[in-house]
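These exercises go through one structure, from a whole chain to single strand pairs. Try each task before reading its solution.

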Amino acid sequence: MIAEGLIALLGAGVLLVAALAIPWLKFVLTIALAKGIAVLGILLLLRAGQVSFGHAMFLATGAYTVAFLAPAMPEALLLIPLGGLFAGLLGLLVGLFVVRYRDIFFGMLNLAISMVLYSLLEKLYHLTKGTDGIRVARATFAGFDLPRETQEWLMFAIALGLAALFGTLVAAYLRSPMGRALAGIKTRETRLEFLGVSARRVLLFAYVASAVMGGIAGTLVALTTRHVTPLLGYWTSSGELVFIAILGGAGSAVGAFLGAVAFELVRVYAAASVADAWQMILGGVLLLVILFAPGGLWGILAGRLKVRA
Amino acid sequence: MAGWLQDNGLLLGLAVLDGLAYAALVFMVAVGLNLVFGVLRIVNVAHGSLFAIGAYTAASLGLFFASQGLPPLAGYFALVLAAALVGALLGPLIERFLLRRIYGHEEVLQLLVTFALFMILEDVQKLVWGVQPVSQDLPMTYLGTIDVPFGDDVIPFTKYQLFVLPGIAVATLVGLALFLRRTLAGRMIVAVTADKEAATAMGIDATRIMLLTFTAGAALAALGGALASPTTSLVPGVGAQTIVLSFAVVATAGLGQIEGAALTSLMMGLGRSVAVYFAPEFEVVVPYLIMVAVLLVRPQGLFGVLETRRV
Amino acid sequence: MSAPLLSARGLKLAFGGVKAADGIDLDVMPGEFLAIIGPNGAGKTTFINMTTGYLKPQGGRIEFAGEPILGLSPRAIVRRGIGRSFQLPQLFTEHTVIENAALALAAHAGIWSPFGPLLRPGYRAAAERLLDRFGIAHLAETRADALNEGARKLADIAMAVALEPRLLLMDEPTSGVAATEKMQVVETLVRVLRAEGVTAVFVEHDMEVVARFADRVAVWSQGRIAALGPPEQVLNDPAVLRDVIGIAGHA
């Protein structure tokens with residue numbers, strides 16, 4: 001636990017230095033940190049042995065909350081929690097149904113519901129501007145209208161701070177009785193029931209938590225990229241989140257951010273140098289990881305440092 | 001109801017005829033996915049990529065044949081050839097070198113492997129065929145149109161979409177059904193789908209069956225793509241669209257008889273088509289709404305026989 | 001004559017033509033150790049499943065401590081004070097033994113604590129004490145799927161006991177346990193349960209175990225109770241010997 005925390009601290013330091021040294025990296029790293037927060041949610045569900053192929057719907061909810069509300073209420077410090085709240089509400093609504101299912105049925109149902117949302121976002125042009133997307137109005141921070149450079153630094157700092165917060169919360173949760181029970185769903189769900197614990201309720205808590213984190217990630221993406229399109233809620237976006245979870249390593253909260261940073265960096269550099277091959281490269285990397293290092297990047301790191309992964 | 005039909009009957013009829021072609025293509029892809037899942041128990045995300053590559057290959061071959069001065073009939077041969085090539089080459093390649101390594105792995109990891117493959121194949125498409133639209137509509141235009149009387153009006157439909165596509169889909173359905181029920185290989189596939197352990201115990205070479213099934217599934221997807229290519233211009237992203245729709249069909253139909261996949265494809269195709277005419281904003285939503293509705297009530301699908309893990 | 005702790009009347013359940021329960025009448029008295037014996041397929045596990053809410057009988061009543069419990073979910077029944085261990089031990093395979101025990105203790109205390117580690121000092125000590133009473137404290141840090149059968153059985157039962165049940169239903173607590181370990185396992189079990197004042201009903205195939213530890217024996221046959229009484233009486237009954245023990249024999 002301490003080792004994890006130290007590595008996380010070190011990682012944060014590295015990111016900070018990188019952002020200072022190479023200014024345009026701020027943007028990439030902010031997005032990476034945001035996605036990492038969403039991936040924490042995936043991690044929770046993976047712990048219970050379930051995969052959601054629809055979590056992009058929570059990203060989209062958070063992002064579109066910002067896009068719709070920003071013109072009337074540009075305060076970023078309000079928009080972020082609001083996006084999380086609405087995503088959480090959607091998560092509760094969907095979760096109440098979805099937690100009754102397991103394995104492939106859980107995954108498919110999540111996919112289906114997210115595709116319903118995506119389709120609506122794509123087609124209801126007069127509301128959402130369809131695939132053109134919405135340009136996010138300029139945001140204020142604690143009421144202040146800040147110059148662009150400062151805004152970028154602030155977004156980076158907020159993303160880093162939220163990443164640290166949620167990472168710590170998730171790590172602690174996974175060690176708590178409820179978190180352990182979550183893992184029990186994967187191995188012996190019947191036993192959980194015979195201990196008097198409602199597996200459904202445990203899973204629902206995790207699901208709503210993951211929705212909130214997805215929503216907050218969405219708000220961060222919206223505020224950083226300033227452009228929100230339905231693609232954020234497409235099934236490939238959900239797939240990316242699961243991809244990052246496995247790439248980084250599902251065994252630790254740190255893995256989510258390792259994976260996200262690696263993913264975004266490769267994507268940016270590959271896209272810059274070999275335009276239409278970044279997907280191929282990332283796909284290849286994922287294959288290698290799954291076949292030869294299923295513990296992900298965190299697994300490799302922990303192995304090197306002889307830490308209990 | 002009668003009044004509504006009188007006013008909108010024409011549109012509804014149009015929608016139905018339109019939907020048939022669409023449903024036929026959906027079926028071609030979904031049936032392959034269903035077969036593969038039944039035998040390998042893997043949901044192949046890259047199935048849509050095989051569709052796309054089949055489509056691109058068919059278009060390229062068609063354009064090549066045309067450029068060589070070959071008669072238009074060669075264009076149809078191009079479609080079949082493309083499907084066969086893609087199926088025969090990519091199918092065994094993928095099964096032997098990728099899928100075989102992950103049998104027995106966790107479900108999540110299997111899914112992600114096929115997702116990674118999908119990502120790789122998306123870029124392969126871009127690298128080989130570029131990002132500009134590719135189209136070769138000769139096989140469709142060559143057959144011309146037929147004028148369908150609708151009340152006072154006459155609406156032209158392409159014979160390709162009205163007869164060829166549904167015709168091939170029906171032929172595939174019947175052919176597959178016969179294959180699965182009457183031939184030895186087909187019955188072995190059914191046995192492995194029902195219970196792999198028991199089938200192996202009876203002496204069936206499950207490994208060969210899995211290779212065969214995957215190749216057949218790949219060929220079907222590629223054939224679907226080839227058949228679709230004259231009706232549209234191909235751009236990156238076609239594979240992604242197709243796979244998620246196929247999932248919807250397969251999940252709604254459930255694992256079981258291929259007739260179920262056919263009926264569900266028809267339902268989705270007609271549903272979408274009706275939406276296009278009456279509520280175009282909901283066109284894309286319809287298949288997924290149907291999927292959600294069905295899965296909530298009957299998680300194993302309309303015709304599924306798979307055991308649900310539901311608590 | 002005190003009131004029975006568990007009272008079943010006329011339980012009926014049929015699966016497609018097979019009568020798993022064909023009118024079961026049984027009273028379990030507080031503090032007693034009741035053994036259930038009978039050939040496979042006689043409906044013994046079905047009885048346990050019905051009592052713990054896992055299966056719903058098609059007819060009859062069950063009362064626990066005077067309250068009807070028919071139709072309640074397994075969770076609700078657990079909360080009423082009926083515990084259960086399984087023929088195939090149901091441990092959380094990727095957790096260590098002490099985590100399994102702590103989880104059971106946490107569940108009993110009300111698990112709604114998403115913060116603070118499971119193995120905090122209080123829970124850890126309590127879990128260690130629990131494992132110690134069953135003689136498996138030395139296996140605390142072992143992963144559950146790495147245990148031998150005897151330890152697994154004890155861990156499974158320990159988890160059920162952690163919930164402080166008044167009635168414990170055990171499905172073949174010694175099956176799969178090596179013959180050399182068997183008596184030791186049962187002695188430990190009996191010692192702990194008697195100390196806690198837990199009433200126990202256990203399905204058993206080993207007649208030696210039954211003879212030594214049961215206060216009463218119920219003989220199951222084709223969904224009905226064919227005989228009921230103290231072991232000396234039932235186990236020497238020629239009809240029982242012929243129909244039941246002749247087939248069941250020793251585990």
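**Exercise 1. Does the size of chain A fit a globule?**

Task: state what radius of gyration a compact globule with 309 residues would have, and what chain A has.

Solution. A compact globule of 309 residues would have a radius of gyration near 19 Å, and chain A agrees because its value is 19 Å. The radius is taken over C-alpha atoms, and the globule rule is 2.2 Å times the number of residues to the power 0.38. Along the principal axes, the C-alpha atoms of chain A fill a box of roughly 55 × 45 × 40 Å.

The model is predicted: local features need pLDDT of at least 70 and side-chain atom pairs count only at pLDDT 80 or more, while totals for chains, interfaces and linings use all residues. Residues are numbered from 1 along each chain as its sequence is written, and chains are lettered from A and ligands numbered from 1 in the order in which they are written.

**Exercise 2. Describe the inside of chain A.**

Task: find how many helices and strands chain A has.

Solution. Chain A has 13 helices and two strands. Helices (H or I, at least four residues) and strands (E, at least two) are DSSP runs, numbered from the N terminus. Next comes burial: 60% of the 309 residues of chain A count as buried. A residue is buried if 20 or more other C-beta atoms lie within 10 Å of its own, exposed if 12 or fewer, and partly exposed in between, with C-beta atoms placed from the backbone. Last come the contacts, where two residues are in contact if their C-beta atoms, placed from the backbone, lie within 7 Å. Of the contacts in chain A between residues at least 6 apart in sequence, 78% join residues at least 24 apart.

**Exercise 3. Sort the chain pairs.**

Task: say which of the two pairs of chains that touch has the most contacts.

Solution. Chains A and B have the most contacts. Their contact takes 42 residues from chain A and 39 residues from chain B. On the side of chain B, α4 (107-129), α10 (238-253) and α12 (285-297) each supply at least two residues. The largest share, 16 residues, comes from α4(B). By class, this side of chain B has 29 nonpolar, one polar and nine charged residues. Here Ala, Val, Leu, Ile, Met, Phe, Trp, Tyr, Cys and Pro count as nonpolar, Asp, Glu, Lys and Arg as charged, and the others, Gly among them, as polar.

Now take chains A and C: 21 residues of chain A are in contact with 25 residues of chain C. α7 (148-175) and α8 (177-194) of chain A are the elements that give two or more residues to the chain A side. α8(A) has the largest share there, 13 residues. That side divides into nine nonpolar, seven polar and five charged residues.

Chains B and C do not touch, and their nearest C-alpha atoms are 12 Å apart.

**Exercise 4. Divide chain C into domains.**

Task: give the bounds of domain 1 and domain 2 of chain C.

Solution. Domain 1 of chain C covers 6-91 + 149-248, and domain 2 covers 93-146. These bounds come from an automatic or database domain assignment. The domain centres, taken over C-alpha atoms, are 26 Å apart. In the contact between them, 11 residues of domain 1 of chain C meet 15 residues of domain 2 of chain C. On the domain 1 side, α5 (149-162) and α6 (179-196) of chain C give two or more residues. α5(C) gives the most, with six residues.

**Exercise 5. Trace the strands of chain C.**

Task: state the order of the six strands in the open sheet of chain C.

Solution. The order is β6-β7-β8-β3-β9-β10, with mixed pairing. Two strands pair if DSSP finds at least two bridges between them. β6 (82-85) and β10 (224-229) of chain C are at the edges with a single partner strand each, so one side of each has no neighbour in the sheet.

Within this sheet, β3 (residues 33-37) and β8 (residues 199-203) of chain C run parallel and are joined by four bridges. Ala35(C) stands opposite Phe202(C) in β8(C).

Elsewhere in chain C, eight bridges join the antiparallel strands β1 (residues 6-15) and β2 (residues 18-28). Ser7(C) has Asp27(C) as its bridge partner in β2(C). Five bridges join β1(C) to β4 (residues 59-64) of chain C, also antiparallel.
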